[in-house]
Amino acid sequence: STGMGGSSSQTTQNAAWRTGLGILTEADGEERAGKINTIAAAVLLDAEGKVADVMLDEVELSVTGDGTGKVTMPGETLTKRQKGEDYPLAAVSSLKKGWTEQADAFGDFLTGKTPDEVKKLATDDDGKPKDADLLSGCTIAVDGYRDAVVRACENAKAVGSARGDRAVLGVSVRNDTKDLTADDDHDVTAQVDITVAALTLDADGRVTGAVADVAEPALTVGADGTVSAPEMVKTKVELGDSYGMRNASSLGKEWYEHSEGYCSYLKGKTEKEVADIPADGSDADLAALCTISIDALQKAAGDAFENASL
């Protein structure tokens, strides 16, 4: 940039590219229906702090309760990106474009912008973009995606990513709550675990940097079928030391530190090498960095690689 002293442009050249993961969960509870909506954004920021690459995904889950307290959770836990052609947006879209195409068009539109410019992106009352250029490729509501990208930018850190890399996002959803019934003594907590991995890959498809996190949104269902939702759902990384794993961990590490250990272990690996990491704790190098179960992390990383090849 012009008019800057030599020293500051020198700093820019040495500044690291950063990788960020943003997860936003909105949970709504009504009389007998609740929904959990989680949006994830993987972002690569260049040396000047501008958006160089974005990938988005979203999971929408519904929970219903009836007057007898019976709780029904969705059996289906695929994200919008994973549903692909099966997510029926293209047919009803004025652009005749599916969700992934429109979400990618939004990501492309943000490329080259500063986080502040992303934050200021104007939307109408329905959350839809106002910008005519953006509307030519994306007519879905983007306010939640915008906010998730802003959060990813705020969370971004130097984990090894560099110029020429691309950012990919993977999600694994686990729903442990099957059919449950609430009664006067016991409310039911309907919880899903949403594990998300943001990877950056070089031209050879090797991991240069990785960040992972988990959201565990839960809805509470009472005996009369009333569904209530939490105000705010923090992720495990956002909970930080308050998550409370350190004392129970053989390494004396908090969850986010185990996650960082796992992510650092992915560096330099190809899709096959990542897939071949044993999940049973028998890999001594990994066990020195991370002793939590990596099943869901492995699935999320695998999904990210899959999204890279599509």
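Here is a quick tour of the sheet, a strand pair and a cavity in this predicted model.

## The five-stranded sheet

Let's start with the open sheet, which has five strands in the order 1-2-3-4-6, paired antiparallel. Its edges are strand 1 (18-29) and strand 6 (180-181), and each of these pairs on one side only. Helix 6 (residues 143-155) packs on this sheet, where it touches strand 1, strand 2 (33-45) and strand 3 (51-65). The helix runs at about 135 degrees to the direction of strand 1.

At the strand 6 end, the partner is strand 4 (residues 70-72), and the two are joined antiparallel by two bridges. If you want a spot to look at there, find K70, which sits opposite T181 in strand 6.

## Strands 5 and 7

Next up is strand 5 (residues 166-175). Eight of its ten residues are buried, so the rest of the structure largely encloses this strand.

Strand 5 pairs with strand 7 (residues 188-201), again in the antiparallel sense, over ten bridges. One place to see the pairing is S172, whose bridge partner in strand 7 is T195.

## The cavity

How many cavities of 30 Å³ or more turn up in a search of the whole structure? Just one. The largest cavity comes in at about 40 Å³, and its lining is made of T38, I39, A40, D57, E58, V59, V171, I194 and V196. Strand 2, strand 3 and strand 7 are the elements that each put two or more residues into that lining.

As for chemistry, the lining of the largest cavity counts six nonpolar residues, one polar and two charged.

Conventions. Residues numbered from 1 in each chain as written. Predicted model: local features only at pLDDT ≥ 70, side-chain atom pairs only at ≥ 80, totals over all residues. Heavy atoms only, no water. Pairing = 2+ DSSP bridges. Helix = DSSP H or I, 4+ residues; strand = E, 2+ residues; numbered from the N terminus. Contact = heavy atoms within 4.5 Å. Axes fitted to C-alpha atoms, helices over the stretch in contact; angles between N-to-C directions. Buried < 20%, exposed > 50% of the residue type's maximum accessible area, 1.4 Å probe, protein only. 1 Å grid on protein atoms, 1.4 Å probe; cavity = no way out; pocket = protein on both sides within 12 Å on 5 of 7 lines; lining within 4 Å. Points joined across faces, edges and corners; volume = space filled by probe spheres on them. Nonpolar A, V, L, I, M, F, W, Y, C, P; charged D, E, K, R; others polar.
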